[in-house]
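Visitor: Could you take me on a close look at a single part of this protein and then show me how it connects to its surroundings? I would be glad of a walk that goes residue by residue where that helps.

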Amino acid sequence: MTRPSRRALLQLTAAGAVAGTLGSALPAYADGIDYTARRTFDDWDRLFRQGGPGQPDQPNDNTNRDGRSGMLAWSQSYVLLGLVRMYETYGDTYYLDRLVDNVDQVLGVRDSERGVTDYRGLSLPAWRADHPYTTGYATFADSNGTPLLDLRQALPYAEDTTVTVTAGTRADTFTVKLVNTFVNRTVTLTDLSLDPASPDYAVARIYTAAPGPLQLTAEDRRPAPGSGDVPRLGSYELKCKPVIFAVHTGMITYPIASFVRLVAGSPVLRRRYWRKAAEYLIACREAVAVHDWEYREGGHLIWPKGQPLAYDGCEQPINQTVGLGQTLVELALATGDPGYRAKVAAMGRMLAGQLTADAGDAYRWHYWPAGGRIHTGFTKTGDPATDVSIFTPSGGPARQFEDISHGAIDVEFAVRAFRAKLAFTGRDMARLARTYTQNVATTDAAGQPAIHTTVAGGTVGAASVAHQAPRWMQVAPWDPQVHAHCLALYNRYQPTPERDGQQAIGFGWLLANVAYLNWGAAR
């Protein structure tokens with residue numbers, strides 16, 4: 001694979017022709033979709049309104065997995081963002097009216113509106129999620145139903161694990177078999193005991209083996225642990241506990257707060273939308289405040305110890321911190337609140353400290369914060385009370401570079417913080433643009449536009465990776481090659497709502513990306 005020259009990228013046209021070092025022209029596309037046309041977005045938005053995937057239809061119970069898995073954050077949020085960008089491109093309040101319709105539905109399914117709670121029993125003005133992200137619990141009980149032991153799986157997709165308890169080789173022991181069908185892993189724990197004095201004491205044996213293939217830990221539920229207890233034999237279910245993720249809150253509220261900022265800055269829009277903007281401002285303030293306890297000085301978020309997540313006690317990935325930071329930028333601009341401004345500036349310094357210029361004067365950075373616990377790695381202390389993490393007693397090091405999709409969140413935050421004059425410099429923006437044009441953009445062996453999977457280059461991604469490219473459009477003002485290459489990718493792969501085949505999440509990101517291709521073409 002080769003990196004296209006600057007001249008070649010500039011010659012990527014809306015028709016998909018590639019000149020210069022990119023080789024011969026791309027083949028003609030029968031569909032002839034114009035991804036920079038307003039009509040394309042509008043037609044697909046109508047499909048969405050007719051019941052397409054990604055509607056804000058979070059259920060009132062726990063029966064629908066899609067409603068429990070962050071669907072609002074990873075589909076509906078992109079629809080909202082697309083509507084914001086289409087308004088910014090065309091100045092038509094039709095898109096703001098559409099946004100209001102959707103936001104009202106999204107706010108109507110906050111936990112506080114539905115009367116549901118997170119793992120702490122709190123019903124808060126945000127959106128919880130559980131499977132497949134959070135820790136799964138199976139409570140082993142005796143024949144009378146008295147809880148004896150919690151078995152916990154921190155590996156994602158815990159609810160796709162079957163748990164079977166059978167008799168051990170001794171009367172006071174038992175064997176546990178776990179089969180996770182999603183990752184195709186099986187763990188068998190033979191002859192466990194509930195006697196703390198036994199070398200086979202379940203809590204100690206599982207802790208010693210942790211994290212293991214399924215990232216298991218256990219907790220004794222008995223008030224006075226002793227010998228003689230064995231759990232009821234048979235099957236048990238792993239059930240995930242709900243958590244409100246900062247990145248989900250950020251992705252959902254970012255376009256809502258953008259609407260507030262737009263209305264606050266326009267006398268014309270204030271006359272029409274101020275009542276809604278005031279309502280949404282309160283909702284955004286309340287939602288981001290849910291995560292105040294996760295914020296740490298230095299501009300990063302942590303998962304507090306005991307939160308039922310694989311890396312409780314550790315720093316959140318960069319994209320998850322600045323995912324919430326996107327909303328804070330918009331709130332800082334809309335309100336001037338010094339608290340929001342200070343947090344954005346701190347998050348900006350945190351992210352800037354993670355960016356390293358390479359030989360081509362482009363930035364690269366990691367998924368996990370460099371120098372943090374997961375990036376560096378951590379080990380057990382021998383006592384869960386003093387371990388970094390309850391659910392993963394030892395972990396890392398994890399030093400992978402940021403991927404393209406999550407990196408788009410980082411870039412979105414950086415550009416918005418720069419334009420708000422709260423963080424970063426023009427040189428930072430130029431380097432982020434070069435990250436795309438030098439490290440991300442590429443061509444394949446046939447000279448067709450392609451994309452690498454990380455901000456440091458590396459493996460060439462499949463069409464599904466290329467579909468996410470326009471989410472980097474915020475840096476296009478510093479280099480028009482960004483828009484040209486993204487458009488060439490779309491002309492090559494021709495994604496459509498019917499063809500992408502991702503019924504659960506496909507619509508949202510596609511609408512946002514088409515909006516960004518419109519937005520970039522107008523710049």
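Guide: Let's begin at Pro-397, which sits in the loop between helix H11 (373-376) and H12. This is a predicted model, and in it the peptide bond from Gly-396 to Pro-397 is cis, with omega near -5 degrees. That is worth a pause, as most peptide bonds are trans. Another cis bond joins Ala-210 and Pro-211, with omega about 10 degrees. Pro-211 also lies in a loop, the one between helix H6 (202-209) and strand S6 (216-220).

Back to H12, and to the loop between H12 and helix H13 (426-440), where you will find Lys-421. Its phi is near 60 degrees, a positive value in a residue other than glycine. For comparison, most residues other than glycine have a negative phi.

H12 itself, residues 404-419, takes us to a cavity. Along with helix H3 (71-90), helix H7 (246-264) and helix H16 (506-521), H12 supplies at least two residues of the lining of the largest cavity. A search of the whole structure turns up 5 cavities of 30 Å³ or more, and the largest has a volume of about 110 Å³. Its lining consists of 13 residues, and those nearest the centre are Tyr-78, Leu-81, Met-251, Gln-326 and Glu-412. Sorted by class, the lining comprises 9 nonpolar, 2 polar and 2 charged residues.

Two of the helices that help to line this cavity, H3 and H7, also pack against each other. Their axes come within 8 Å and cross at roughly 20 degrees, so H3 and H7 are roughly parallel to each other. The crossing is left-handed. On the H3 side the contact includes Trp-74, Ser-77, Tyr-78, Leu-81 and Arg-85, and on the H7 side it includes His-248, Met-251, Tyr-254, Pro-255 and Arg-261. You may recognise Tyr-78, Leu-81 and Met-251 from the centre of the cavity lining. Taken by class, the H3 and H7 contact has 15 nonpolar, 3 polar and 3 charged residues.

From H3 and H7 we can move on to another pair, H4 (residues 94-107) and H8 (residues 267-289), whose axes come within 12 Å and cross at roughly 25 degrees. H4 and H8 are therefore roughly parallel to each other, and their crossing is left-handed. H4 brings Leu-96, Asp-97, Val-100, Val-103, Asp-104 and Leu-107 to this contact, while H8 brings residues including Arg-272, Tyr-273, Lys-276, Glu-279 and Tyr-280. The class count here is 8 nonpolar, no polar and 5 charged.

H4 has a further partner in helix H2 (residues 38-49): the two pack at an angle of about 25 degrees, with their axes 13 Å apart. That angle makes H2 roughly parallel to H4, and this crossing, too, is left-handed. In H2, Arg-38, Phe-41, Asp-42, Asp-45, Phe-48 and Arg-49 meet Tyr-94, Tyr-95, Arg-98 and Asn-102 in H4. By class, this contact has 4 nonpolar, 1 polar and 5 charged residues. H4 thus gives Tyr-94, Tyr-95, Arg-98 and Asn-102 to H2, and residues such as Val-100 and Asp-104 to H8.

Methods
Residues are numbered from 1 along each chain as its sequence is written. This is a predicted model: local features need pLDDT of at least 70, side-chain atom pairs count only at pLDDT 80 or more; totals for chains, interfaces and linings use all residues. Side-chain values use heavy atoms; hydrogens and water are left out. On a 1 Å grid over the protein atoms alone, a cavity is a set of points where a 1.4 Å probe fits but cannot get out, and a pocket is an open set with protein on both sides within 12 Å along at least five of seven lines; lining residues have an atom within 4 Å of a point. Grid points are joined across faces, edges and corners, and a volume is the space filled by probe spheres set on the points. Helices (H or I, at least four residues) and strands (E, at least two) are DSSP runs, numbered from the N terminus. Ala, Val, Leu, Ile, Met, Phe, Trp, Tyr, Cys and Pro count as nonpolar, Asp, Glu, Lys and Arg as charged, and the others, Gly among them, as polar. Axes are lines fitted to C-alpha atoms, for helices over the stretch in contact, and angles run from 0 to 180 degrees between N-to-C directions. Angles under 35 degrees count as roughly parallel, over 145 as roughly antiparallel, 65 to 115 as roughly perpendicular and the rest as oblique. A crossing is left-handed if the near helix is turned anticlockwise from the far one by less than a right angle, and right-handed if clockwise. Contact means heavy atoms within 4.5 Å.
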